[in-house]
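Thanks for passing this one along. Here are my notes, set out as numbered points so that you can check them against the coordinates.

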Amino acid sequence: MRELGLILVSVLLIFATLEVVASHGDQPLSTITVQKATFALHYQAYIKVSPTHLGLKGQNTDWVTVEFSSPNPSVEDWIGVFSPSNFSASSCPAPADNPWVEPPLLCSAPIKVHPLLALSSTLMKNTNYSTPKYKETGKGSLKLQLINQRSDFSFALFSSGLSNPKVVAVSNKVAFSNPKAPVYPRLAQGKVWNEMTVTWTSGYGIGEAVPFVEWGPKGGQPIRSPAGTLTFDRNSMCGEPARTVGWRDPGFIHTSFLKELWPNTLYTYKLGHILSNGTYVWSQEYKFTASPYPGQNSLQRVVIFGDMGKAEADGSNEYNDFQHGSLNTTKQLIRDLNNIDIAFLIGDICYANGYLSQWDQFTAQVEPIASTVPFMIASGNHERDWPGSGSFYGNKDSGGECGVLAETMFYVPTENRAKFWYSTDYGMFRFCVADTEHDWREGTEQYQFIEHCLASVDRQKQPWLIFLAHRVLGYSSAAFYSDTGSFGEPMGRESLQKIWQKYKVDIAIYGHAHHYERTCPIYQNICTNKEKQHYKGAMNGTIHVVAGGGGAGLAEFTTLSTKWSFFKDYDYGFVKLTAFDHSSLLFEYKKSSDGKVYDSFTISRDYRDILACTVDSCP
């Protein structure tokens, strides 16, 4: 009975949060009350889940059938999914900032919820009718998707909606055959061009098993590389919900460094753990193609987008249920994966916002992409921002994560992961990735990094210089930027435009504003080239692109006229850069709904065009 009470209160917290969530995923837990929670266990009600053993063929994603019945069916009935299945108040610490000073203390929020019929609440307005006859018959069934998350699962049937919820029934437990299995590999470029890193998650600590990667050229002799192991505890979180109801054990995150790769060579790899008894645990086999040598003249294709989030393939609702485009973006990238060499997700990665279970679900969603091509990330406000934590902005957008999850779950070639700026080379491209959640203004450590990244590239060998950041440090017609009169992040371009111009940055790409927009080549608010699609020779300015339509709820454009804006699209999508050689670049914007190109331009130029002086680019 006590366990059911804990489950109930957890769900109430999440639903109350969802009802007031804004498009940027704020979770004002301080306004939530749970005094009306009651029990209504009924001997005629049941909820059953089958099969009870999942992943019998080694898969890390599986579907279950949920059968349920209630003697008093209502349009306000719903199901919650919980993992771990057991809740114990004795294991729940009470952080100093936890407002819930009276028992029961909450151990964990549910990992997903699913309505049985359409509720009157706006929370469920986007949910399909999954059991249309439930109101008449009191019986129904659902098929829900589960992923391997290092623990078992249970399901609970609730009645009376969100304001006066009642526990009606609790299900049996289900689990994957090996909950601790190595799962969801994420590739990333290392600190040198011929190094690839592999990061994955498992339930095996260093005292229980030794992690490694077995890899080699396809068809060649495999070798083994050791992996380092990281984890963190509740005390690493900066605040709630990450420190309270959103906390879930992250397991162990392993990273292995595959070195001295041959350029453009196809490699296979699989994740392994040697248990203390000498037995091996293996993942399935994956493959990747090694990066080209910096400056190498070959076909190179890059995908860039921001603000992706995650969504449920089974139609379940999730904590910040506004990321409906993320599944389409994921599907389109998977369909075109043979034509993608490297991907960048430039901040606001999964919008977990302090609900740690969502990171596992996100890495499972993008596994087909991240396990095949380098999946590089940038830090956004929903990963990093928290008051008093050193972030440039003092809001609570990270839900108390304060960067820990992003810095641990993914590898990036930074000198210090807490300072999330870095450079990476891919053939003819140089990418300078900024961290907008730390100060970038002139005189700061990050400003010095950005200028060094831009200045140190050999443009004869790497002609395509790309600047990436989460917040729009350049130009944007988003309504929330125009309302401030800045048309971009305040102090952004004022601080950086002179070095973009000095070092002749070709394209600057941002997220944060959830839509697509492209400017003219621009410097100091003036278009330096009026051509819109085919640029030849020197552009004399930088093209600024907002590619924040990766999946999270769309953001409105201003109604004011912005003469420097060439193309706007209020839709989900991503951009793709294709370098054919040192003189030819193709830029494309594709919608996530159909994968078709809706905006594009080309750049054709020679090395002498890069050398040529433009305004403020030469002494």
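1. How many bridges join strand 13 (residues 209–217) to strand 14? There are 4, and the two strands run antiparallel. Please keep in mind that this is a predicted model. Within this pairing, Val213 stands opposite Ser225 of strand 14. The hairpin formed by strand 13 and strand 14 has 5 residues between the strands, and there Gly219 adopts a positive phi near 85 degrees.

2. Strand 14 also pairs with strand 15, again over 4 bridges and in the antiparallel sense. One place to look is Ala227, whose bridge partner in strand 15 is Ser256.

3. Now to the cysteines, where the count comes to 4 disulfides. One of them is formed by Cys238 and Cys402, with the sulfur atoms 2.1 Å apart. This pair links distant parts of the chain, 164 residues apart. Cys238 sits in the loop between strand 14 (223–230) and strand 15 (252–258), while Cys402 sits in the loop between helix 6 (381–384) and helix 7 (404–409). The link is right-handed, with 85 degrees about the S-S bond.

4. Are the two ends of that link buried or exposed? Cys402 is buried, at a relative accessible area of 8%. Cys238 has 32% relative accessibility, so Cys238 counts as partly exposed, because that label covers values between 20% and 50%.

5. A further disulfide joins Cys432 to Cys453, at 2.0 Å from S to S. Here too the pair links distant parts of the chain: Cys432 belongs to strand 23 (residues 429–433) and Cys453 to helix 8 (residues 445–455), with the two cysteines 21 residues apart. This link is left-handed, with -95 degrees about the S-S bond. Both Cys432 and Cys453 are buried.

6. Cys520 and Cys527 are likewise joined by a disulfide, with an S to S distance of 2.0 Å. The torsion about their S-S bond is about -80 degrees, so this disulfide is left-handed. Cys520 is buried at 0% relative accessible area, whereas Cys527, at 27%, counts as partly exposed.

7. Next, the nonpolar interior. The largest nonpolar core has 75 residues, and those with the most contacts inside it are Ile304, Phe344, Phe375, Phe431 and Ile509. Its largest share, 5 residues, comes from strand 20 (residues 342–346). Another core lies apart from it, with 27 residues, among them Cys453, Leu454, Ala469 and Ala508.

8. Phe431 deserves a look of its own. Neighbours within four places in sequence aside, Phe431 is in contact with residues including Val302, Ile304, Phe344, Tyr422, Ile466 and Leu468. Cys453 is also among the contacts of Phe431, and Cys453 is one of the residues of the 27-residue core.

9. Finally, which backbone oxygen does the side chain of Arg150 reach? That of Asp249, at 2.9 Å. Arg150 lies in the loop between strand 7 (139–147) and strand 8 (154–159). Its relative accessibility is 16%, so Arg150 counts as buried, the cut-off being under 20%. Leaving aside neighbours within four places in sequence, the contacts of Arg150 include Pro179, Thr201, Ser202 and Gly203, along with Arg248, Asp249, Pro250 and Gly251, and also Asp360.

How values were computed:
Residues numbered from 1 in each chain as written. Predicted model: local features only at pLDDT ≥ 70, side-chain atom pairs only at ≥ 80, totals over all residues. Heavy atoms only, no water. Disulfide = S-S within 2.5 Å. Buried < 20%, exposed > 50% of the residue type's maximum accessible area, 1.4 Å probe, protein only. Core = buried A, V, L, I, M, F, W, Y, C linked by side-chain atoms within 4.5 Å. Contact = heavy atoms within 4.5 Å. Polar contact = N/O pair within 3.5 Å; in protein donor to acceptor, adjacent residues only side chain to side chain. Pairing = 2+ DSSP bridges.
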